[in-house]
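Colleague: I would like to learn how to read a structural model feature by feature, beginning with the overall fold and ending with the backbone. Could we go through one together?

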Amino acid sequence: MEPLLNRFNNTIKYWYIPFIIGVLLIVFGFYIMKVPLASLMALVTMFSISIILTGLSEVLFYSANQIPNKGLHILGAILTLVAGLVLLFNPMSSALVISFLVAFQLFIRSVQGLMFSFYLKRELVGNWWLLLVISILGVIISVILVSNPMIVGMSLVYMTGLSIVLGGVLAIS
């Protein structure tokens, strides 16, 4: 039987790779928080692309399936797709728009959730009220975000930077 220390030394050969990655992530995360405007522009571009992909996938999904209020869902998906395209091709003015878009998107999703919770109630699904509560909270949060759009922009930057720093810390530990 091989001693525990020898097994441990044989198992972890390239210990420095997670360490280097962790240090790089920490530096990158702090850099993101140091240059918030440039980071916000990069996040807006990435977010725009994800909105476009979301809109495309929702158009395909809602078109292919029979669901209640199908037209409203398809309309929401098309609006999502159009908003993503507008944001992608106008990144300099999109930072403020993206804040409103996040609030608007949350509002639309929450209203859809409210409608679906009532559908679940009619179908006698047990925990329909959980979706109702979460949707009501979504509506309230969306109103708060519309009243102060910079909350969205700066929180996106700092939450992203902090997440990357924490990922670096986890890679090192």
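**Reading the fold, then the details**

Modeller: The chain has 7 helices and 0 strands, and from the N terminus on its elements run α-α-α-α-α-α-α. With a radius of gyration of 22 Å, well over the 16 Å that the globule rule gives for 173 residues, the chain is more spread out than a compact globule. Please keep in mind throughout that this is a predicted model.

Colleague: What box do the C-alpha atoms of the chain fill along the principal axes, and what percentage of the residues is buried?

Modeller: The box is roughly 65 × 50 × 30 Å, and buried residues make up 29% of the 173 residues in the chain. The accessible surface comes to about 11300 Å², and 78% of that surface belongs to carbon and sulfur atoms. If one takes the contacts between residues at least 6 apart in sequence, 74% of them join residues at least 24 apart.

Colleague: Turning to a single element, what span does helix α4 reach, and what span is expected?

Modeller: Helix α4, which covers residues 70–88 and so counts 19 residues, reaches 27 Å from its first C-alpha to its last, close to the 27 Å expected at 1.5 Å a residue. Its buried residues are H73, I74, G76, A77, T80, L81, A83, G84 and L87, and they pack against α3 (residues 36–64) and α5.

Colleague: Which residues does I74 touch, if one leaves out those up to four places away in sequence?

Modeller: I74, which has its place in helix α4, touches Y62 and S63 on that count. I74 and F61, in turn, are 13 residues apart in sequence, and their C-alpha atoms are 8.9 Å apart in space.

Colleague: How should I read the nonpolar core, and which residues have the most contacts inside it?

Modeller: As a general idea, nonpolar side chains in soluble globular proteins tend to be buried together. Here the largest nonpolar core has 13 residues, and those with the most contacts inside it are L40, I51, L87, I98, L101 and V157. At least two residues of this core come from each of α3, α4, α5 and α7 (150–172), and α3 gives the most, with 5 residues. To follow one member outward, L101 touches I51, A83 and L87, not counting residues up to four places away in sequence.

Colleague: How many aromatic pairs does the structure hold, and how does one decide whether the rings of F61 and Y62 are stacked or edge-to-face?

Modeller: There are 2 aromatic pairs. The angle between the ring planes decides the matter, since planes under 30 degrees apart count as stacked and those over 60 as edge-to-face. The rings of F61 and Y62 have their centres 5.3 Å apart and their planes at 70°, so this pair is edge-to-face. F116 and Y119, by contrast, form a stacked pair, with 5.7 Å from centre to centre and 25° between the planes. These two residues are 3 apart in helix α5, and therefore separated by about one helical turn.

Colleague: Are the members of these pairs buried or partly exposed?

Modeller: A residue under 20% relative accessible area is called buried, and one over 50% exposed, with partly exposed in between. Y62 is therefore buried, at 12% relative accessibility, whereas F61 is partly exposed at 45%. In the other pair F116 is partly exposed at 39%, and Y119 is partly exposed as well, with a relative accessible area of 25%.

Colleague: Where does S117 lie, and is S117 buried or exposed?

Modeller: S117 lies in helix α5, which runs over residues 94–122, and at 0% relative accessibility it counts as buried. Leaving out residues up to four places away in sequence, S117 touches W128, L131 and L132.

Colleague: Finally, what is the phi of N69, and what is the phi of L124?

Modeller: Most residues other than glycine have a negative phi. Phi of N69 is nevertheless positive, near 55°, and N69 is found in the loop between α3 and α4, where it is partly exposed at 45% relative accessibility. L124 also has a positive phi, near 65°; L124 sits in the loop between α5 and α6 (128–147) and counts as exposed, at 75% relative accessibility.

Conventions
Residues are numbered from 1 along each chain as its sequence is written. This is a predicted model: local features need pLDDT of at least 70, side-chain atom pairs count only at pLDDT 80 or more; totals for chains, interfaces and linings use all residues. Side-chain values use heavy atoms; hydrogens and water are left out. Helices (H or I, at least four residues) and strands (E, at least two) are DSSP runs, numbered from the N terminus. Buried means under 20% relative accessible area, exposed over 50%, partly exposed in between (1.4 Å probe, protein chains only). Contact means heavy atoms within 4.5 Å. The radius of gyration is taken over C-alpha atoms; the globule rule is 2.2 Å times the number of residues to the power 0.38. Accessible areas come from the Shrake-Rupley method with a 1.4 Å probe; for residues, only the protein chains shown count as cover. Rings of Phe, Tyr and Trp (its six-membered ring) pair if their centres lie within 6.5 Å; planes under 30 degrees apart count as stacked, over 60 as edge-to-face and the rest as tilted. A nonpolar core is a set of buried Ala, Val, Leu, Ile, Met, Phe, Trp, Tyr and Cys residues joined through side-chain atoms within 4.5 Å.
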